[in-house]
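Work through the exercises below with the sequence and the model at hand. Each task is followed by a solution in steps.

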Amino acid sequence: KGKTVPRIEKFDDAVLGLATNEKSASGLGGMTSKLTFADLATGMGIRVVIFKTKAADSIQKAMDGKTGTVCYPKKAAKTARQKWLASGSLIIGGVQVDEGAKKALLKRKSLLAVGVKRVIKDFKQNEAFEISGEDGVAFAVAKAKTDSSQLKNKDLKNIMLANADDIVIL
């Protein structure tokens, strides 16, 4: 905590545990926020450098790997559409799913209403929403096939909330 880690090759609990949620002096969010977005970007094959911008030539030094923390990209097999959905779309709502639904989604299956434990924030058809596991951690983003209000109808528990082609695992 408080020290610069020169490189991150893999985001895991040990790396995320080094960060605090304190906002920087410029109010741009804490290190946890920065690491979350760096993890998302590296998952899409993008190299990220987190650095202080106040020093002279800070951008050039960061590009040369002489300052900050370099986060190395992972091999990304995501299509441009999946990258857009994961990072460029406006995420409107969210759901929490049970462990069975999470396992199915990780195997590239569609999201059925029966696997949804609760709606965290409402969304409409064709809007992007975040999918969290029982631990509350978001692991996917999807484009809704139907409104979240449909989940309140007990007779529609087998409706498809999101097609596998419209789900991006983060």
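Two strands count as paired if DSSP finds at least two bridges between them. β8 and strand β10 (residues 167–169) meet this requirement, with three bridges in the antiparallel sense. The model is predicted, and the exercises start with its confidence.

**Exercise 1. Confidence**

Task: State the average pLDDT of the protein chain, and find which elements have the lowest and the highest mean pLDDT.

Solution.
Step 1. The average pLDDT of the protein chain is 79, and 76% of the residues score at least 70.
Step 2. Among the elements, helix α4 (residues 80–88) has the lowest mean, 59, and α5 has the highest, 95.
Step 3. Where pLDDT is low, predicted coordinates should not be read in detail.

**Exercise 2. The chain as a whole**

Task: Describe the protein chain by its elements, its burial, its contacts and its exposed area.

Solution.
Step 1. Count the elements: the protein chain has five helices and ten strands.
Step 2. Of the 170 residues, 34% are buried.
Step 3. Take the contacts with a separation of 6 or more: 57% of them join residues 24 or more positions apart.
Step 4. The exposed area is about 10700 Å², and carbon and sulfur atoms supply 53% of that area.

**Exercise 3. A three-stranded sheet**

Task: Give the strand order of the open sheet of three strands and identify its edge strands.

Solution.
Step 1. The order is β1-β3-β2, and the pairing is mixed.
Step 2. β1 (7–8) and β2 (48–50) each pair on one side only, which makes them the edge strands.
Step 3. β2 and β3 (residues 69–71) run antiparallel and are joined by three bridges.
Step 4. For one of the positions in this pair, V49 has V70 in β3 as its bridge partner.

**Exercise 4. The partners of β8**

Task: Follow the pairing of β8 with β7 and with β10, and name a residue pair for each.

Solution.
Step 1. β7 and β8 are antiparallel and share five bridges. E130 is matched with V141 in β8.
Step 2. Five residues lie between the strands in the hairpin of β7 and β8, where G136 has a positive phi near 85 degrees.
Step 3. On the pairing of β8 with β10, also antiparallel, A140 stands opposite I169.
Step 4. Is β7 itself enclosed or open? Four of its five residues are buried, so β7 is largely enclosed by the rest of the structure.

**Exercise 5. Nonpolar cores**

Task: Locate the largest nonpolar core and say which elements build it.

Solution.
Step 1. The largest nonpolar core holds 19 residues; V95, V97, L111, F129, I131, L161 and I167 have the most contacts inside it.
Step 2. Two or more residues each come from β4 (91–97), α5, β7, β8 and β9. The largest share, three residues, is that of β8.
Step 3. A second core, separate from this one, has nine residues, among them I8, F11, V15 and I50.
Step 4. Return to V97 and set aside neighbours within four places in sequence: its contacts include K102, L111, V116, I131 and F139.

**Exercise 6. Loop residues**

Task: Place R108, N126 and T146 in their loops, then describe the phi of R108 and N126 and the surroundings of T146.

Solution.
Step 1. R108 belongs to the loop between α5 (99–106) and β5 (111–112). Its phi is positive, near 70 degrees, and R108 is partly exposed at a relative accessible area of 38%.
Step 2. N126 sits in the loop between β6 (116–121) and β7 (128–132). The phi of N126 is also positive, about 75 degrees, although N126 is not a glycine.
Step 3. As background, most residues other than glycine have a negative phi.
Step 4. T146 lies in the loop between β8 (138–143) and β9 (160–162). Is T146 buried or exposed? Its relative accessible area is 16%, under the 20% cut-off, so T146 is buried.
Step 5. Not counting residues up to four places away in sequence, T146 touches F123, K124, Q125, I159, M160 and L161.

Methods. Residues are numbered from 1 along each chain as its sequence is written. This is a predicted model: local features need pLDDT of at least 70, side-chain atom pairs count only at pLDDT 80 or more; totals for chains, interfaces and linings use all residues. Side-chain values use heavy atoms; hydrogens and water are left out. Buried means under 20% relative accessible area, exposed over 50%, partly exposed in between (1.4 Å probe, protein chains only). Contact means heavy atoms within 4.5 Å. Accessible areas come from the Shrake-Rupley method with a 1.4 Å probe; for residues, only the protein chains shown count as cover. A nonpolar core is a set of buried Ala, Val, Leu, Ile, Met, Phe, Trp, Tyr and Cys residues joined through side-chain atoms within 4.5 Å. pLDDT is the predictor's confidence in each residue, from 0 to 100.
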